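I opened this notebook to keep track of what I look up, one item at a time. The entries below follow the order in which I went through them.

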Amino acid sequence: MASDGTPVINFSVGEPDFTTPEPIIQVAIAALESGKTKYGAPGGGVELKSAISAKLKRDNSLEYEVDEIVAGIGAKEILFHLSLALLNEGDEVLIPAPYWVSYTTHCEAAGAVPIVIPMKLNEDSAFSLTPEDIEPYVTSKTKAIILNSPNNPAGYVLPKEQLKSLGEYLHKKSWWILAAEIYQYLSYDLPHFSLLNLTPS
């Protein structure tokens, strides 16, 4: 349709509808011209991880040292590597639905079994996830849960009190919690809260 000139709004790829801003292009060109054309440090360089540490402190009130941070080329890569590192054959991973398409395949690649939890709509027609919703899907093989708020693809944001309740519930479990919060700046109906701010340490 697009090749025939029909206007198409594409919701399949999460990228902006404008080109990279000129200042960013110029910084990239300058870096290449200065010889920065080799492999970067595994897990991200010190400069990058220092910037991430500063961002977490400034925007999320979270304090992490550089040696506690790992950077990758995107959330899918990081989640895939986490699955390979943390999951074993036969482990079960709880995945509230709607979920991003590759969450289940990450688990399967590690030999684990994705257990999809259909989320309910509350009285305000908003997606809701409570400990009571999760509990029927828990078994002795449960190893991890993936939480994504703000959510892709549904766009919902879990309310602060609901997220806090989930954090208190999950704190009592021995599971890995894979909290994907990459869309924190794209939350419009409700403010984004990090699970790390609301969960007992």
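**Entry: helix α4, what is buried**

I began with α4, whose buried residues are Ser102, Tyr103, Thr104, His106 and Cys107. The model I am reading is predicted. I then asked what covers the buried residues of α4. The cover includes the helix α3 and the strands β1, β2, β5 and β6, the last of these spanning 176-180. Just after α4 I noted Gly111, which takes a positive phi of about 90 degrees.

**Entry: α3 against α4**

Since α3 is part of that cover, I looked up how the two helices pack. Two packed helices are described by the angle between their axes and the distance between the axes. For α3 (residues 75-86) and α4 (residues 102-109), the angle is about 30 degrees and the axes are 8 Å apart. Angles under 35 degrees count as roughly parallel, and α3 and α4 are therefore roughly parallel to each other. Their crossing is right-handed.

Which residues make the contact? From α3 I listed Lys76, Leu79, Phe80, Ser83 and Leu84. From α4 I listed Ser102, Tyr103, His106, Cys107 and Ala109. Sorted by class, the contact of α3 with α4 has six nonpolar residues, three polar and one charged.

**Entry: the chain as a whole**

I stepped back to the full chain. How many helices and strands does the secondary structure come to? I noted seven helices and six strands. Along the sequence they follow the pattern α-α-α-β-α-β-β-β-α-β-α-β-α. Taken along the principal axes, the C-alpha atoms fill a box of roughly 55 × 50 × 35 Å. The chain has 201 residues, of which 32% count as buried. I also looked at contacts between residues at least 6 apart in sequence, and 61% of these join residues at least 24 apart.

**Entry: nonpolar cores**

Next I looked up the largest nonpolar core, which has 17 residues. Which of them touch the most other members? They are Leu94, Leu129, Ile134, Ile145, Leu158 and Trp175. Among the elements that each supply at least two residues of this core are β2 (113-118), β5 (142-148), α6 (160-171) and α7 (195-198). The largest share, four residues, comes from α6.

I followed one of these residues, Ile145, further. Not counting residues up to four places away in sequence, Ile145 touches Val93, Leu94, Ile134, Leu170, Trp175, Trp176, Ile177 and Leu178. There is also a second, separate core of 13 residues, and Leu87, Ala110, Ala112 and Ile146 are included in this second core.

**Entry: backbone exceptions**

Most residues other than glycine have a negative phi, and most peptide bonds are trans. I therefore wrote down the places in this chain that I found listed otherwise.

- The peptide bond from Ala97 to Pro98 is cis, with omega near 15 degrees. Pro98 lies in the loop between β1 (92-97) and α4.
- Asn152 and Pro153 are joined by a cis peptide bond, and omega there is about 25 degrees. Pro153 lies in the loop between β5 and α6.
- Ser61, a residue other than glycine, has a positive phi near 55 degrees. I placed Ser61 in the loop between α2 (46-60) and α3.

Is Ser61 buried or exposed? Its relative accessible area is 61%, so Ser61 is exposed.

**Entry: Ser187**

I found Ser187 in the loop between β6 and α7. Buried means under 20% relative accessible area, so Ser187, at 18%, counts as buried. Leaving aside neighbours within four places in sequence, Ser187 is in contact with Pro150, Val157 and His192. I checked one of these contacts, Val157, for distance: Ser187 and Val157 are 30 residues apart in sequence and 6.7 Å apart in space, C-alpha to C-alpha.

**Entry: Phe18**

My last item was Phe18, in the segment before α1 (22-33). With a relative accessible area of 55%, Phe18 is exposed. How far are the C-alpha atoms of Phe18 and Ser53 separated? They are 28 Å apart, and the two residues lie 35 residues apart along the chain.

Definitions and conventions
Residues are numbered from 1 along each chain as its sequence is written. This is a predicted model: local features need pLDDT of at least 70, side-chain atom pairs count only at pLDDT 80 or more; totals for chains, interfaces and linings use all residues. Side-chain values use heavy atoms; hydrogens and water are left out. Axes are lines fitted to C-alpha atoms, for helices over the stretch in contact, and angles run from 0 to 180 degrees between N-to-C directions. Angles under 35 degrees count as roughly parallel, over 145 as roughly antiparallel, 65 to 115 as roughly perpendicular and the rest as oblique. A crossing is left-handed if the near helix is turned anticlockwise from the far one by less than a right angle, and right-handed if clockwise. Contact means heavy atoms within 4.5 Å. Ala, Val, Leu, Ile, Met, Phe, Trp, Tyr, Cys and Pro count as nonpolar, Asp, Glu, Lys and Arg as charged, and the others, Gly among them, as polar. A nonpolar core is a set of buried Ala, Val, Leu, Ile, Met, Phe, Trp, Tyr and Cys residues joined through side-chain atoms within 4.5 Å. Buried means under 20% relative accessible area, exposed over 50%, partly exposed in between (1.4 Å probe, protein chains only).
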